[in-house]
Amino acid sequence: MQMFFEIKNLRVRYEGAEVVKGVSLHLEEGEIVTLIGSNGAGKTTILRAVSGLKAPSAGEIWFEGTRVDGRNAQSIVKLGIVQVPQGRGLFPYMSVAENLKLGAFLRKDRRAVQKDLADVLVHFPRLKERARQQASTLSGGEQQMLAIAAAVMCRPRLLLLDEPSMGLSPLMVSEIGKIVREINATGTTVLLVEQNSRLALKLATRAYVLETGNIVVEGAADELMHSEHVRKAYLGE
Ligand SMILES: Nc1ncnc2c1ncn2[C@@H]1O[C@H](COP(=O)(O)OP(=O)(O)OP(=O)(O)O)[C@@H](O)[C@H]1O
Ligand SMILES: [Mg+2]
């Protein structure tokens with residue numbers, strides 16, 4: 001059977017130093033899978049390789065039977081793989097509504113884009129109230145929501161989220177969690193990178209733990225939640 005998304009033996013290096021050292025992982029269609037790990041483990045680097053922003057030194061990346069590694073970033077977005085970067089990547093001097101329309105810049109179906117804009121704003125009432133506000137003046141949590149909403153405007157089939165809970169209050173974290181569930185319920189597969197392991201293991205069905213460029217544990221999220229290693233190293237117990 002063809003896998004929805006698969007990374008095989010991925011290796012990535014920066015200036016001679018290998019930071020991803022042979023990572024393999026996969027997602028089935030409709031899943032939320034999380035990749036957790038400490039600062040500098042290589043999580044963002046893996047997402048950048050998937051998005052075509054950083055060339056791997058070895059390995060393969062496959063999406064619905066198409067080899068993805070070696071393609072440019074734009075063609076990967078066109079295939080339906082959309083990344084929300086760590087630290088958000090908004091256009092700060094543009095309004096909320098303009099940022100959302102720019103999220104769909106590769107789409108030609110302008111009428112459908114207008115409809116999606118209206119739909120997205122229904123799911124993000126906080127953004128609807130602030131449609132004309134400049135993005136840089138939004139709160140941190142609102143900016144994170146806007147970044148996710150802008151990615152949804154691309155109609156992703158696979159959404160890559162890089163630490164969406166970073167720097168947010170517990171209330172905002174649970175709101176983001178709810179939004180991730182809603183996006184997944186509409187049929188979008190999600191790869192969630194998180195340092196907030198508790199949130200990540202609650203949202204995901206399966207998880208991978210990355211330590212200095214290697215996957216050291218993988219399995220069902222509820223099993224990992226009870227694993228001694230994960231509890232000690234990632235849940236602070
Ligand atoms: N452009 C770069 N040039 C050189 N080294 C880099 C570059 N980008 C990342 N690195 C290094 O690669 C390693 C992995 O970084 P990466 O950003 O993938 O980690 P991460 O798991 O996302 O960490 P965090 O949780 O802090 O975001 C780090 O040691 C980092 O310093
Ligand atoms: Mg990172």
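# Reading a predicted model: sheet, core, ligand shell and backbone angles

Q: Where should I begin with the sheet, and what is the order of its strands?

A: This is a predicted model, and the order of the strands is a good place to start reading it. The six strands form an open sheet in the order β6-β7-β8-β3-β9-β10, and their pairing is mixed. β6 (81-84) and β10 are the edge strands, each pairing on one side only, and from one strand to the next the twist averages 15 degrees.

Q: Which helix packs on the sheet, and which strands does it touch?

A: Helix α7 (residues 170-185) packs there, with contacts to β3 (32-36), β7 (158-162) and β8 (189-194), and the direction of α7 makes about 155 degrees with that of β8.

Q: In what sense do β9 and β10 pair, and over how many bridges?

A: Strand β9 (residues 206-211) and strand β10 (residues 214-220) are antiparallel partners joined over six bridges. To follow the register, one can take residue pairs: leucine 210 has isoleucine 215 of β10 as its bridge partner, while glutamate 211 stands opposite asparagine 214 in β10. The hairpin of these strands has two residues between them, and threonine 212 takes a positive phi near 35 degrees there.

Q: What sign of phi is expected in general, and which phi does glutamate 15 have?

A: As a general idea, most residues other than glycine have a negative phi. Glutamate 15, although not a glycine, has a positive phi of about 40 degrees, and this residue is found in the loop between β1 (5-14) and β2 (17-27). Arginine 155 is another such case, its phi being positive and near 50 degrees, and its place is the loop between α6 and β7.

Q: Is glutamate 15 buried or exposed, and why?

A: The general idea is to count C-beta atoms around the residue's own, with 12 or fewer within 10 Å marking an exposed residue. Glutamate 15 is exposed because 4 other C-beta atoms lie within 10 Å. Arginine 155 has 18 C-beta neighbours inside 10 Å and therefore counts as partly exposed.

Q: Why is α1 described as largely enclosed by the rest of the structure?

A: Seven of the eight residues of α1 are buried, which is why this helix is largely enclosed by the rest of the structure. The buried residues in α1 are Lys43, Thr45, Ile46, Leu47, Arg48, Ala49 and Val50. Glycine 52 follows α1 and has a positive phi near 80 degrees.

Q: How many residues are around ligand 1, and which of them come nearest?

A: There are 13 residues around ligand 1, of which Tyr14, Asn39, Lys43, Thr44 and Thr45 come nearest. Helix α1 (residues 43-50) supplies the largest share of this shell, three residues, and by character the shell divides into eight polar, three nonpolar and two charged residues.

Q: Which residues of the largest nonpolar core touch the most other members?

A: This core has 66 residues, and those touching the most other members are Leu146, Ala149, Ala151, Leu160, Leu192, Ala204 and Ala207. Helix α6 (residues 140-152) gives the most to the core, with eight residues. For alanine 204, leaving aside residues up to four places away in sequence, the contacts are Ile32, Val33, Thr34, Leu192 and Ala221.

How values were computed
Residues are numbered from 1 along each chain as its sequence is written. Chains are lettered from A and ligands numbered from 1 in the order in which they are written. This is a predicted model: local features need pLDDT of at least 70, side-chain atom pairs count only at pLDDT 80 or more; totals for chains, interfaces and linings use all residues. A nonpolar core is a set of buried Ala, Val, Leu, Ile, Met, Phe, Trp, Tyr and Cys residues joined through C-beta atoms within 7 Å. A residue is buried if 20 or more other C-beta atoms lie within 10 Å of its own, exposed if 12 or fewer, and partly exposed in between; C-beta atoms are placed from the backbone. Helices (H or I, at least four residues) and strands (E, at least two) are DSSP runs, numbered from the N terminus. Two residues are in contact if their C-beta atoms, placed from the backbone, lie within 7 Å. Two strands pair if DSSP finds at least two bridges between them. A residue is near a molecule or strand if its C-beta atom, placed from the backbone, lies within 6 Å of it. Ala, Val, Leu, Ile, Met, Phe, Trp, Tyr, Cys and Pro count as nonpolar, Asp, Glu, Lys and Arg as charged, and the others, Gly among them, as polar. Axes are lines fitted to C-alpha atoms, for helices over the stretch in contact, and angles run from 0 to 180 degrees between N-to-C directions.
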